[in-house]
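Trainee: Could you take me through a single part of this model in close detail? I would like to see how one helix pairs with another.

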Amino acid sequence: MRTDTIVAPPPSRGRMWLMALLPLALLALLLAAILWRGPADMLRGEDYPPVERLTFQRMELGPEGIVATVMNDGPDAVKIAQVQVDEAYWSFTSDGGTDLRHLGRTKLTIPYPWVQGDTHVVRIVTSTGATFEHEIAVAVATPQPNARALGLFTLMGIYVGVLPVAIGLLWFPLVAQLGRRGLEFLLALTVGLLLFLLVDATGEGLQIAGRAPESFQGAVLFAFGALGAYLWLESLGAWLRARRQKAQETSGDGRVLALLVAVGIGLHNFGEGLAIGAAFALGEAALGVLLIVGFTLHNTTEGLAIVAPLGRDRVGTGELARLGLIGGVPTIGGAWLGGLVYSPVWSVLFLGIGAGAIAQVVLQITKQMSRDQPVIRSLASGHVMAGLAAGFVVMYATGMLIG
Amino acid sequence: MRVPDLTRRSWIQTAVTAVAGTVAAVAGAQDTNPRQRESFGHTTHAMGPVGRTDKSIFDPSAYLRAWNFSNLPASERSRFYRETRRPDGSLLREYELYAVDREIEIVPGVYFPAWTYNGQVPGPTIRATEGDRVRVNFTNQGSHPHSIHFHGWHPPEMDGSMPAQQVLPGERFVYEFDAEPYGLHLYHCHTAPLKRHIHKGLYGVFLVDPREARPAADELVMVMNGFDTNFDADNEVYAVNSIASFYMHEPVVVDVGRLVRIYLVNLTEFDPINSFHLHGMFFDVFRTGTRGMTEEHTDTLMLCQGERAILETRFRYPGDFMFHAHQSEFAELGWMGLFRARTAQS
C-alpha cells in the first residue's frame, strides 16, 4: 500500500484570517436575520405582554428627598409612569428620562419628606401597571461624595480593617514563645477562622448575586473572581518561594505563608469594606454602624491569622507592620468604592475574589501544618481539631454581632 | 393594603433605631438642617401622580353629569338610547350596551387592560323613572363570556348570574324589566370568576327616580373604584370615577347655596369598604335612595362593596373643598378631589 501523504503548504495569512472570520460573519448574518424577522416574535404573538424588570441600584436620602437610581435589566423596554412612596403617589423628576431600554438607567428625584429612622418603601409603577419596589429599612441621610465622606469612609476602614488587624498582630511575641503543638493549635485556629470567612463570603456573595440585575450573571462573576484570585495567589506564592530560594534564604516558608495570608485577608477585607460602604449607599447607614462594631471584633482575629504561620521566624517590626497594612488597608479602598459608586456587581466580584484568596490560603496552611503526613491525619489530631473548632466558634460568636 | 412581614431585618431595625441619631451625625447628616427639611416636607404640590391623562378617551368631568347617553350629540345618541311613550304615560327606555376589551389610562401613563361596557369604566349611567320599562340590548364583543346583572326588582331569568345566563363572545341578549324600586342601584357583570370580571371594569350606575321627582338639584354621579394593575389582589390605584386624582386638577364646579345631590356608589374590589369624606361641609344621607327621609347628617360615610347612598348638601362658602376617602391610603393612591364652589359673582 502506498502511503503517500501530501503535505499541504501552509495556508497564506489571508486564508487564515478568512478561516477565522467567516464563521463570525455568518453569525452576524444569523443575528441580523433573527432581529429582522425573528422567531421570537412568532413565539410571542402580537398581544404578548412585555417582560418588564427594573432593579434599584442606588438610593440616596437627602434634603431634596429620595433619589433612586434604577436600571432596566429586562429584555423589553420599560416606561416608568408613576412613583409611589409608602403607598402614596408622589411627584418625581428624572434625569435619564422615563423610557428605559435594555440596561438603560435613570435617576429619579422624589421630593418626599422621609423620616429619619423610619422604613420607607419606594415603588415604581410602569405604563402597564407592573410594580417594582425597594425598601429603605432605616432611613438616614446618605453621605455625599465630598472630602468629608471620603474622610469618613477612611476612618471606617481604619476602624474596621487596619486597627483590628494591627491589634491582632500584637500576639506575635506570644506566638514566638509557643511549642510545636501550641503553634499547630494556632494554625488550626487560623484555618478555622478562614474557613468561616470562606463560607460566609460565599453565602454573602451568592446572595447579593441573586439580588443583582440578572443580566450581570452574578453567580458566574463570583466563581470567576474566586478562581482568578486562587490561581493568582498560587502563582504569587510560587514566585515568592522561587525568589527566596535564589536569594538562599533559609527561613522561607513561614514568611511566604504569612504574606499570602495577609494578601488573602486584604482581598477579603476589600470586599468587607464594600459591604459597609454599600450599606450607607443603599440608605441603611444605621445597619452600617452595627456592621462596623461587628467587623472590628471579627477582624482582630485576622491579625492573629497573619502571624500564626510565622511561628518562630524572626521578623522585624517593619515587616510585621507591612503585613498588617497589606491585610487591613484594602478595607478603606473597599469602603470608598462601596460608599461612593456602589453597584452590587462590584460586591459580588470582590467577595468572589476574597473567597478564592482565602481558599488558597487555607490549603497552603494545612499543607504546611501536615508537612509530610497525609493532610487528613494531621487534621484529625486532638489539638488541631480543637484549634479548628475554636476558630469557628470565635468567628461565629463575633459574627452574630454583624447579623 | 400591604402587610409588612417580620424579617430579621426588621428586628435589627428596631434595635438600631435608637442609635440612628448618633449615626446620622457621624454620617454627615448635619448638612440636613431640620428647618431646611421642613421646607420640602410641606410642599403639598409634590403629592399625587405626575402628568395628566388623555381626556379625549374618557372625561370624568363629563361622566359626572351624563346619563342615558346625554353626553352624545343627538344623532349619535339615538344609536344607544331611545325612549317611547307608553299608553299609561310611562316610558319604554331602550339601551344598546356592549362589552368590549379596552386599555384605559387610569393614572397618567399607566394603561390598564380593562373589560368595559361601551368602552368606558364605569359603564354608561342608566336612569329611568319608577314604573318605566327598561330594555337593554346587550352584545358581547369581548374575549370572554359576560353578562349584565342589574340590582332592582326583576324576574330570575333577567338576573344574568346563572351559568346558563352568560352571554358568550359574539352573542346577544335582551334584558327587560320594570324600573323598580326607586333608588340608587348598580349593574355589573356576574360571570365567574366574579372578582375579576368586576375589578376589570364591568360595572355602572342604574338610577331609578321616584314617580314624584326629587327636588331640583345639581346632580353628580360618583363611583368609588380601584384598579389592581399588577394583579396581586390589591389595588394600586383608587379613584372616584376611575382616574386617580383627576378632580384635584379639574375640580367639580358647584354653586354656593344651590342643592347638590351626589349619587355615590361603591364598586371597589378587594377592599371590603370605602368611604367618602367632605371637607368644611356636612351632608344628608339617603342610604340606597329608597326612602324620602334622611337618616344621617354627617361629613364622613362608609360604604361596603356594592353599597350606595344619595348625599345632599348646599355649599355655604365659595372656594375649594377637598373630598376623599377617609382611608388615607386610598386618598393618597388617587381617591382625592376638589369641589370648587362659586357664587354668582365669582
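Mentor: Start with the pairing itself. H5(A) and H11(A) are roughly antiparallel to each other, because their angle falls in the class over 145 degrees. In that scheme, angles under 35 degrees count as roughly parallel, 65 to 115 as roughly perpendicular and the rest as oblique. Helices here are DSSP runs of H or I with at least four residues, strands are E runs of at least two, and both are numbered from the N terminus.

A word on the source. This is a predicted model, where local features need pLDDT of at least 70 and side-chain atom pairs count only at pLDDT 80 or more, while totals for chains, interfaces and linings use all residues. Residues are numbered from 1 along each chain as its sequence is written, and chains are lettered from A and ligands numbered from 1 in the order in which they are written.

Now the geometry. Two packed helices are described by the angle between their axes and the distance between the axes. H5(A) covers residues 180-211. Its axis and that of H11(A) come within 8 Å and cross at roughly 155°. Axes are lines fitted to C-alpha atoms, for helices over the stretch in contact, and angles run from 0 to 180 degrees between N-to-C directions. The crossing of H5(A) and H11(A) is left-handed (the near helix is turned anticlockwise from the far one by less than a right angle; clockwise would be right-handed).

What kinds of residue make this contact? Between H5(A) and H11(A) there are 19 nonpolar, seven polar and three charged residues. Nonpolar means Ala, Val, Leu, Ile, Met, Phe, Trp, Tyr, Cys and Pro; charged means Asp, Glu, Lys and Arg; the others, Gly among them, are polar.

Look at H11(A) alone next. This helix spans residues 344-370 of chain A, 27 residues in total. From first C-alpha to last, H11(A) reaches 39 Å, close to the expected 39 Å. The expected span is 1.5 Å times one less than the number of residues.

Is H11(A) enclosed or open? It is largely enclosed by the rest of the structure, because 21 of its 27 residues are buried. Buried means 20 or more other C-beta atoms within 10 Å of a residue's own, exposed means 12 or fewer, and partly exposed lies in between; C-beta atoms are placed from the backbone.

Finally, the end of the helix. A:Arg371 follows H11(A), and its phi is positive, near 45°.
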